[in-house]
Amino acid sequence: MWRPTLALAALLAVPSQALHFFIDGAQQKCFFEELPKETLVVGHYDALAWDDQTQSYVSKPDVGVFITVEETFDNNHRVVAQRGSSKGRFTFSAADSGEHRLCFTPQNVQSSGGWLSNSGIHGTVKFHLDMAIGETSKIESTDKGKIDDIVQKVRDLNSRLQDIRREQVFQREREAEFRDQSESTNARVVRWTLIQLAILGITCAWQLSHLRAFFIKQKLT
């Protein structure tokens, strides 16, 4: 089991620090960190595998990483067991104060068998690690793009809801205007019908009176 040197511990003492180390094959590399209770830890990692053709460390899609975080003060209680690709992110929050062991195990990589050491290469995997420990500003800046996207989507949704409300108000106003016009038209139709009936009644009465006078005049003559 590998423990960090004093230099590495000094690097990890700050809230956020990038570092890298070498791993030979699928060996597990661990380091220890004292964390206060409810401390949020966010880490980004990138495992580069040695490539014989390019004679350099490159990203390979078939390489994976298995990450574990254990509470050494609580009988090595495991709080994180994450299997991911060669590049990714992990996060956890310390449930209690104490020493935590963070371990990284590359997968789908071969061991050098000692032949790389002769050429000055330290291992078949070069592991980059960037951790933010209890630093909300760093974590927020990392996710700022995602948060901005969510905020923009919420704003767009609110704008759309406002448009829908305005459309509903407009439709209600149109319906009220149409109803008023319909009621006004119906009232005019009824009024014109009553006028026509009155004219018809007066005409009938006048014709009856005229016919009566005509028949009376005919009898007298």
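**A tour from an exposed loop to a charged patch**

Select Asn75 to begin, and you will find this residue in the loop between strand E5 (64-71) and strand E6 (77-85). The model is a predicted one, and in it Asn75 has a positive phi of about 55°, although this residue is not a glycine. Most residues other than glycine have a negative phi. With a relative accessible area of 73%, Asn75 counts as exposed, because exposed means over 50%.

Next, select Gln55, which sits in the loop between strand E3 (40-51) and strand E4 (56-58); Gln55, too, has a positive phi of about 55° without being a glycine.

Now colour the protein chain by secondary structure, which brings out three helices and nine strands, arranged from the N terminus on as α-β-β-β-β-β-β-β-β-β-α-α. Of the 221 residues in this chain, 28% count as buried.

From there, move to strand E2 (residues 29-35), where six of the seven residues are buried, so that this strand is largely enclosed by the rest of the structure. Add strand E8 (residues 98-107) to the selection, and E2 and E8 can be followed as an antiparallel pair over seven bridges; within this pairing, Lys29 stands opposite Phe104 in E8.

Finally, go to helix H3 (residues 144-220) and select Asp180, which lies in this helix. Asp180 has a relative accessibility of 46% and therefore counts as partly exposed. Extend the selection to Glu173, Glu177 and Glu183, which gather with Asp180 in a patch of negative charge on the surface.

How values were computed. Residues numbered from 1 in each chain as written. Predicted model: local features only at pLDDT ≥ 70, side-chain atom pairs only at ≥ 80, totals over all residues. Heavy atoms only, no water. Patch = residues over 30% accessible without salt bridge, like charges linked within 9 Å, V, L, I, M, F, W, Y side chains within 5 Å. Areas by Shrake-Rupley, 256 points an atom, 1.4 Å probe, with all protein chains shown as cover. Salt bridge = Lys/Arg side-chain N within 4 Å of Asp/Glu carboxyl O. Lys, Arg positive; Asp, Glu negative; His and termini not counted. Charge placed at Lys NZ, Arg CZ, Asp CG, Glu CD. Helix = DSSP H or I, 4+ residues; strand = E, 2+ residues; numbered from the N terminus. Buried < 20%, exposed > 50% of the residue type's maximum accessible area, 1.4 Å probe, protein only. Pairing = 2+ DSSP bridges.
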